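I opened this notebook to record what I looked up about a ligand site and the charged pairs of a protein chain. The entries follow the order in which I made them.

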Amino acid sequence: LRFITAGESHGPALTTIIEGLPAGVPVDIELINRDLARRQKGFGRGGRMLIEQDRVEITAGVRFGQTLGSPVTMVIHNRDWENWQDRMSPAGPPSGQAVSSPRPGHADLTGVLKYDRQDVRDILERASARETAARVAVGALTKQVLTAAGIKIIAHVTNIGGVNAQVASREYDELQSAVFASELGCLDANAETQMKAAILEAKNHGDSLGGIFEVLALGVLPGLGSHVQWDRRLDTKLAAALMSIQAIKGVEVGVGFEYANLPGSKAHDQIYYEPERGYYRQTNNAGGIEGGMSNGEPIVLRAAMKPIPTLMTPLSSVDIVSKAPIQANTERSDVCAVTAAAVVGEAMTAIVLTEVLLEKFGNDNLTDLLSAISHYRQRLAGL
Ligand code: EPS
């Protein structure tokens, strides 16, 4: 499975091509649109989300609601393009004021140096997290393969600006409806109230906030990924996928950094067996991954997002033309986008799990895939 995305934040559209999905996967476009709408949510989002109503258009690889096994192309049109046609024109003469004040924390400065651009906009347009709408569409499509294989994924916000959520474990359906019902995608209503107050305060000071989200994948069968090579390890792939999301600066698997504080006797999940249940653990410090392979327990991942670099009370910078000290560029932006990042984390996790699932069981068509999975499950159950 592979995919790439294309598109500038204020260009005509975001486009993605996904290759390697099996034929015969039922495609529900409304499930893709539902995740796109979830990505637009979150207290603290900026004005852009009032303009966009992201919806996907499928232009290849799907017929009568099923994948064909050929590359799938999806397009999400930018409604804001209407307001940027001159400034983002592929052909016309340069129009609009060039941006010369790079934002600390953004791709702006290094991007203009590396790509020899004189306008920071040439960099920021592609560096923008607007691109993640395309990834969410891919994730929502791959989730339709995972659903057929009994794998479910949900992400929730556990921290915003230092306010931590307390979360008890629940059944998947309950988790999902609680996340969908919460404005911030947070499972702790008290913490959510404090998070919203923190976002409001940051906004009033022209500031921004980061946070942490957790992704849970349930129903993952043991043996996805491999211990035999560094780049085939499931945790390698998942960490890279989460780290690839704009503004993510840290990733944990299971208890993650807390492992450093535990002796081996308290760190590892002891193994038990019951005939009707098979092998199981009573704890899940490993976050469902041992030796670079899924072990059948829920996969638990966390990612830390830095605060968005566009500040309405700007930080110090340097003008790239005059080299004089200047205040960083202020563009319309979000105060906090951790809720959106969580939905993107869900999508990236879905894409990786689909990739390793197809690698193990084959990707020609859904019928063969499901029978290979069922054969494997029977072997593990000793049947
Ligand atoms: C985003 C769209 C962007 C920003 C944000 C994410 O829209 P605009 O730049 O028109 O306001 O709101 O982008 C960034 C955080 C960034 O650093 O560029 C989106 O669709 O998620």
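The entries below take the ligand first and the salt bridges afterwards.

Entry 1, the model. I note at the outset that this is a predicted model.

Entry 2, the ligand shell. I listed the residues around the ligand and found H10, R39, R45, R48, M49, H106, S128, A129, R130, I308, R332 and D334. Sorting this shell by class, I obtained six charged, three polar and three nonpolar residues.

Entry 3, polar contacts of the ligand. I looked up the distances from ligand oxygen atoms to three arginine side chains. For R332, a polar side-chain atom lies 2.6 Å from an oxygen atom of the ligand. For R39, an N or O atom of the side chain is 2.7 Å from a ligand oxygen. For R48, the distance between a polar side-chain atom and an oxygen atom of the ligand is 2.9 Å. I then checked the surface: the ligand taken alone exposes 470 Å², and the protein buries 92% of that.

Entry 4, the pocket. Which pocket does the ligand take up? I found that its space is the largest pocket.

Entry 5, salt bridges. Side chains of opposite charge can pair when their charged atoms come close. With N–O pairs counted within 4 Å, I recorded 22 salt bridges. I examined one of them, between E346 and R38, in which the closest N and O atoms are 2.8 Å apart. This pair links distant parts of the chain, 308 residues apart. I placed R38 in helix α1 (residues 29–39) and E346 in helix α10 (residues 338–361).

Notes:
Residues numbered from 1 in each chain as written. Predicted model: local features only at pLDDT ≥ 70, side-chain atom pairs only at ≥ 80, totals over all residues. Heavy atoms only, no water. Near = heavy atom within 4 Å. Polar contact = N/O pair within 3.5 Å; in protein donor to acceptor, adjacent residues only side chain to side chain. Areas by Shrake-Rupley, 256 points an atom, 1.4 Å probe, with all protein chains shown as cover. 1 Å grid on protein atoms, 1.4 Å probe; cavity = no way out; pocket = protein on both sides within 12 Å on 5 of 7 lines; lining within 4 Å. Sits in = over half its atoms within 2 Å of the grid points. Nonpolar A, V, L, I, M, F, W, Y, C, P; charged D, E, K, R; others polar. Salt bridge = Lys/Arg side-chain N within 4 Å of Asp/Glu carboxyl O. Helix = DSSP H or I, 4+ residues; strand = E, 2+ residues; numbered from the N terminus.
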